[in-house]
Amino acid sequence: MKKIEAIIKPFKLEEVKDALAGLEITGMTVNEVKGYGRQQGHSELYRGAEYVVDFLPKIRIEIVVADEIVDTVISTIVDAAKTGKIGDGKIFVTNVEKVIRIRTGEENEDAI
């Protein structure tokens with residue numbers, strides 16, 4: 001099993017969610033996060049004063065999937081989240097050793 005963590009632009013969340021639903025992904029965790037990479041933030045004016053916004057709003061999606069569908073899930077996220085502009089985000093893939101569904105005690109792929 002693999003954990004796929006995708007950092008995307010906030011307005012792309014619905015597109016990514018709908019695309020993953022088409023793959024029958026049954027669950028995900030979504031967090032509102034802030035950060036920056038090459039985008040480096042920007043300056044804004046507020047009540048006449050200029051200030052720098054270092055951390056930009058992003059969405060982090062976390063899903064755990066079977067090894068067999070990792071590449072399909074990644075390409076689906078890329079297709080749905082891509083704008084072609086700086087700040088589209090990143091995808092991280094890590095190994096998951098064990099999953100346990102608390103309610104039923106099911107383990108590993110049965111629990112996802």
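The following exchange sets the values for this predicted model against the definitions behind its labels.

Reader: What makes a residue or an atom pair count in this predicted model?
Author: Local features need pLDDT of at least 70 and side-chain atom pairs count only at pLDDT 80 or more, while totals for chains, interfaces and linings use all residues. Residues are numbered from 1 along each chain as its sequence is written, and side-chain values use heavy atoms, with hydrogens and water left out.

Reader: How do you know what the secondary structure of the protein chain comes to?
Author: Helices (H or I, at least four residues) and strands (E, at least two) are DSSP runs, numbered from the N terminus. By that rule the protein chain has two helices and six strands. Along the sequence they follow the pattern β-α-β-β-β-β-α-β.

Reader: How does the radius of gyration of the protein chain stand against that of a compact globule?
Author: The radius is taken over C-alpha atoms, and the globule rule is 2.2 Å times the number of residues to the power 0.38. For 112 residues a compact globule would have a value near 13 Å, but the protein chain has 17 Å. The C-alpha atoms fill a box of roughly 55 × 30 × 20 Å along the principal axes.

Reader: Why is Lys-12 called buried?
Author: Buried means under 20% relative accessible area, exposed means over 50%, and partly exposed lies in between (1.4 Å probe, protein chains only). Lys-12 has 9%, so Lys-12 is buried. Of the 112 residues of the protein chain, 29% count as buried.

Reader: What makes the contact of Glu-15 with Lys-12 a salt bridge?
Author: The term requires a side-chain nitrogen of Lys or Arg within 4 Å of a carboxyl oxygen of Asp or Glu. The closest N and O atoms of Glu-15 and Lys-12 are 3.2 Å apart, and the pair forms a salt bridge. Glu-15 has a relative accessible area of 42% and is therefore partly exposed. A search of the whole structure finds seven salt bridges.

Reader: How do you know that Glu-14 and Lys-17 are separated by about one helical turn?
Author: Both belong to helix H1 (residues 13-21), and they are three residues apart, which means a separation of about one helical turn. Their side chains meet in a salt bridge at 3.5 Å, N to O. Glu-14 is partly exposed at 45%, and Lys-17 is partly exposed at 36%.

Reader: Why is Glu-62 called buried, and Arg-60 partly exposed?
Author: Glu-62 has 18% relative accessibility, so Glu-62 counts as buried. Arg-60 has 26% and therefore counts as partly exposed. The side chains of Glu-62 and Arg-60 meet in a salt bridge at 3.9 Å, N to O. Salt bridges that share partners join Lys-3, Arg-60 and Glu-62 into one network.

Reader: What makes Asp-67, Glu-68, Glu-109 and Asp-110 a negative surface patch?
Author: A patch is made of residues with over 30% relative accessible area and no salt bridge; like charges are joined within 9 Å, and nonpolar side chains (Val, Leu, Ile, Met, Phe, Trp, Tyr) within 5 Å. Asp and Glu count as negative, Lys and Arg as positive, and His and the chain ends are not counted. The place of a charge is NZ of Lys, CZ of Arg, CG of Asp or CD of Glu. Asp-67, Glu-68, Glu-109 and Asp-110 form such a patch. Asp-110, in the segment after strand S6 (89-95), is exposed with a relative accessible area of 58%.

Reader: What is notable about phi of Glu-24?
Author: Most residues other than glycine have a negative phi. Phi of Glu-24 is near 65 degrees, a positive value in a residue other than glycine. Glu-24 is found in the loop between H1 and strand S2 (29-35) and counts as exposed at 68% relative accessibility. Asn-108 also has a positive phi, of about 55 degrees, although it is not a glycine. Asn-108 is found in the segment after S6 and is partly exposed at 28%.

Reader: Why is Asp-79 called exposed?
Author: Asp-79 has a relative accessible area of 62%, so Asp-79 is exposed. Asp-79 lies in helix H2 (residues 70-81). The C-alpha atoms of Asp-79 and Ala-19 are separated by 8.8 Å, with the two residues 60 apart along the chain.

Key
Accessible areas come from the Shrake-Rupley method with a 1.4 Å probe; for residues, only the protein chains shown count as cover.
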